[in-house]
Structure formats: structure tokens, C-alpha cells
Amino acid sequence: MYKLFFNLVFKRMDPEKAHYLAFRWIRLAARVPVLRTFVAAVLAPRHKELRTEAFGLRMHGPFGLAAGFDKNAVAIDGMTMLGFDHIEIGTVTGEPQPGNPKKRLFRLVPDRALINRMGFNNEGSAAVAERLAARKPAFRATVGVNIGKTKVVPEEEAAGDYVKSTERLAAHADYLVVNVSSPNTPGLRNLQATEALRPLLTAVREAADRTVTSRRVPLLVKIAPDLADEDVDAVADLAVELGLDGIIATNTTIARDGLGLTSDPSLVKETGGLSGAPLKARSLEVLRRLYARVGDRITLVGVGGIENAEDAWQRILAGATLVQGYSAFIYEGPFYARALHKGLAARLNTSPYATLADAVGADVKKAHA
Ligand SMILES: Cc1cc2nc3c(=O)[nH]c(=O)nc-3n(C[C@H](O)[C@H](O)[C@H](O)COP(=O)(O)O)c2cc1C
């Protein structure tokens, strides 16, 4: 049904326009109490066996919405209504910015992939903080806040920009993510080098602790799939050294591997980050490597090409406590989260593991036994 609708309507529209149209419908539906209750009952049923705890937070399940979909925190209820157990808003930057010129989002439908060079278009940390402070949630949801560098701020002054966002947003965040891995802000990914990342994460940690004294806000870092293996190890070691709460693996890739079905070569050549099915193998590989390095000392979040329950299950076995999706939601539609949860519960119930937590990293542990 959704696939037919996608082919007849969304596929003919500019991808960014289609995004905002769907987004509007979701937000409108979530504003009508009877409708949102009904939709949530159908799309977000709770599976007791999927209850998850990550960095001290209790969640209904492990599956959440990846950053970039709700950049300005306008649809947290709407996305919860559709079945996402945690919503990562952002990336939010210190200052508001328009992002890159349009067109900047491309669909590679046969490959079930997207290329984007949005460039952190967002309303900025002050406006988003104000919105989060005024929010009256209709559903209980875990809200992650993903922060990044304002484009005009030079790389050497990046920490100040992240600190500004942290001071404004940490109080509203169930967890905070330092994004140093989007390919569309010049120089951003250089911040993944440990000599730049150490002072940055330290400054953000201190700012979060200074701003929020009633609890310790969990702090995570989100990394790119394009890091060399030894750099993945270096980030993992740094995360342990700094007592970070989590690592999110991965953001989009600048590589173009795994694309074989899209016939329009100009689409494949578009500049930006590739997401969706072609990212699956590398994201899984990075996750596995991270788990082999950090084990249970740090919570890992798997993202990149998760299309269904089997993909999510593979990430859990590879070491992910939480999993996230974005691109597959565009192709699978409103039943994406529901199908994923249902399948994941079935997968767990037929597995040798009593709980999801028991399954985390089981494949990697076996390989190293
Ligand atoms: C259009 C678009 C915009 C994105 N914007 C952000 C962003 O602002 N911050 C971020 O950390 N990740 C962003 N991402 C990356 C996703 O959060 C995710 O890491 C990536 O798409 C891989 O997951 P997927 O294959 O399920 O889409 C964006 C992805 C897409 C497709």
C-alpha cells in the first residue's frame, strides 16, 4: 500500500519537498488526541521482551529514529506515535544556518539509498532549546540531542560552538551526541582525530556537568564509516579513557560502494553522504570492530542501512544495545518501526537468549572465544 503511494506520489516529487509534506502530515496527526492514540496503538505496540536499558535510561525498545530527520525537534510526538522508541533530534548547531543550496537530497530508489548534502540546515541551539523547554509531550519518549559545528565557525574554535549548544540544550536532553562525522560541513570530520576530539569531548562533558547538576547527562560521539580501522580503534580507546557513555556507528559515507542498481550515473556522482542499504556492510563492520575493542564498557548504537528486523538483530549480535534508522523509513513508510519491532521480538523469542541484553555482542564474543 505505502509502496504504491510512494511510487505514485513521493517518487514524482522533489525528495526534500516530499520529506516536508510527510513530516507535516505526521505532525498534524500527532496534534489530534484521538488520532494519535489510535495510530500509536496500531504502529507502536509494546513488546515487553524488547524493554531496553541504555546508559541508565529505560526504553520501551532498542529502536530509534536517527538524527537528521527531525532537526528542529518539531515532531517528537509524531515520530513516537509511529513507533520509534527514542528520537534523536538535530543535528543542532550553535547558530541557526540555512544549510547548502538546494537540490541537496537525492533518492537512489533501486538501491534503496539516499545521498544528502543538507549541510546542517537548522534553527540553531537557542531556538531548539526554547522549543524543547516549552514542549508538552503527549507520549513518553527518550529524546537524544545531536549537536554539530556551525559552518562559519573555524575548526580551531569548534569546541566553543559545541559548548554553547551544550549549555543551551543539555537540560532538555536525555542523552547528548557530539556529531563529528557528517561529510557536509567542511573540516568537521577532522574533529574525529583524537588530538582534536579529546579536548572537544572534555569541554562538552564539563559544560554538560556545569549546566545540569541534578543528573549526569549521558554523552555519546557519532563516527563516520569512512574512518580507517586504526582510527576506529583510536576513537574507541579515547571513549573508554574519557568515560564516554556511548558511540554511534555510523553516519553516512562518502564512498559509493554497493551501488549497482541505480541506472542514472549523474545521481551516483552527486556530492554528499550516502545512506541506506549500501551502507549496511561497512556500518556493521565498524560496529563489530568497536565491540571487539570496548566490549560492554561503552554502549554502542548501530545505524546505517537497517531496513528490517534481521538487520537490527545482526547489529545487536555485533554489539549494539540500541539501533537506529532513517533511510529505510523513506522507502518502507509508516509500518517500518512496527515491522521491525514485531520481527525483533520474534527473533529474540526463537533465539537462545533470554533477553536482548544477553544477545548484545554475542557474535563477537563467540568469534573471540
Ligand atoms: C537526509 C539526511 C540527513 C541527515 N542528517 C543528519 C544530521 O543532521 N546529523 C547526523 O548525525 N546524521 C544525519 N544523517 C545520518 C543519519 O542519522 C544516519 O546516521 C545515516 O543516514 C545512516 O542510517 P540509514 O542508512 O538508516 O539512513 C542524515 C541522513 C540523511 C539521509
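Two residues are in contact when heavy atoms of theirs lie within 4.5 Å, and this sense of touching is used in the legends below, which describe close-up views of a predicted model.

**View 1. Gln192 and the residues that it touches.** Gln192 is found in the loop between strand S8 and helix H7. Leaving aside residues up to four places away in sequence, Gln192 touches Val180, Ser181, Leu197, Ile223, Ala224, Leu227 and Val235. Its relative accessibility is 5%, and since buried means under 20%, Gln192 counts as buried. A distant point of reference is Lys366, which stands 174 residues from Gln192 along the chain, with 30 Å separating the two C-alpha atoms.

**View 2. Helix H8 and its surroundings.** Helix H8 runs over residues 229-242, and its 14 residues should span 20 Å at 1.5 Å a residue, which agrees with the 20 Å between its end C-alpha atoms. The buried residues of this helix are Val232, Asp233, Val235, Ala236, Leu238 and Ala239. An α-helix has 3.6 residues a turn, so residues three or four places apart point the same way. The cover over the buried residues of H8 includes helix H7 (194-211), strand S9 (219-223), strand S10 (246-249) and helix H10 (280-294). Ala234 also lies in H8, but with a relative accessible area of 27% Ala234 is partly exposed. Between Ala234 and Met79 there are 34 Å in space, C-alpha to C-alpha, and the two are 155 residues apart in sequence. Just after the helix, Gly243 takes a positive phi of about 70°.

**View 3. Helix H6 and what covers it.** Helix H6 has twelve residues, 158-169, and reaches 17 Å from its first C-alpha to its last, which is close to the 16 Å expected at 1.5 Å a residue. Within this helix, Ala158, Asp161, Tyr162, Val163, Ser165, Thr166 and Leu169 are buried. Among the elements that cover these buried residues are strand S4, helix H5 (125-134), strand S7 (142-148), strand S8 (175-179) and helix H7.

**View 4. The ligand and its shell of residues.** The ligand is surrounded by 25 residues, of which the closest are Ala67, Thr91, Gly276, Gly305 and Ser327. By class, this shell is made up of eight nonpolar, 15 polar and two charged residues. Several side chains place polar atoms beside oxygen atoms of the ligand: an N or O atom in the side chain of Ser327 is 2.6 Å from one, an N or O atom in the side chain of Lys222 is 2.8 Å from one, and a polar side-chain atom of Asn179 lies 3.1 Å from one. On its own the ligand has 610 Å² of accessible area, and the protein covers 98% of this. Strand S4 (86-93), strand S6 (113-116) and strand S11 (273-276) are the elements that give two or more residues to the shell.

**View 5. Two cis peptide bonds.** One cis peptide bond joins Gly90 and Thr91, with an omega of about 10°, and Thr91 lies in strand S4. Another joins Ala249 and Thr250, where omega is about 15°. Thr250 lies in the loop between strand S10 and helix H9 (265-268).

**View 6. Glu307 and its polar contact.** Glu307 has its place in the loop between strand S12 (299-303) and helix H11 (309-317). At 12% relative accessibility, Glu307 counts as buried. The side chain of Glu307 makes a polar contact of 2.7 Å with the side chain of Lys280. If residues up to four places away in sequence are not counted, Glu307 touches Arg112, Ala277, Lys280, Ala328, Glu332 and Tyr336.

**View 7. Positive phi angles at Arg112 and Ala73.** Arg112, one of the residues that Glu307 touches, has a phi near 50°, a positive value in a residue other than glycine. Arg112 lies in the loop between strand S5 (105-108) and strand S6, and is partly exposed, with a relative accessible area of 36%. Ala73, although not a glycine, has a positive phi of about 60°. Ala73 lies in the loop between strand S3 (63-65) and helix H4 (76-81), and at 5% relative accessibility Ala73 counts as buried.

Conventions
Residues are numbered from 1 along each chain as its sequence is written. This is a predicted model: local features need pLDDT of at least 70, side-chain atom pairs count only at pLDDT 80 or more; totals for chains, interfaces and linings use all residues. Side-chain values use heavy atoms; hydrogens and water are left out. Helices (H or I, at least four residues) and strands (E, at least two) are DSSP runs, numbered from the N terminus. The expected span of a helix is 1.5 Å times one less than its number of residues. Buried means under 20% relative accessible area, exposed over 50%, partly exposed in between (1.4 Å probe, protein chains only). A residue is near a molecule or strand if one of its heavy atoms lies within 4 Å of it. A polar contact is a pair of N or O atoms within 3.5 Å; within protein, one must be able to donate a hydrogen and the other to accept it, and residues adjacent in sequence count only if both atoms are side-chain atoms. Accessible areas come from the Shrake-Rupley method with a 1.4 Å probe; for residues, only the protein chains shown count as cover. Ala, Val, Leu, Ile, Met, Phe, Trp, Tyr, Cys and Pro count as nonpolar, Asp, Glu, Lys and Arg as charged, and the others, Gly among them, as polar.
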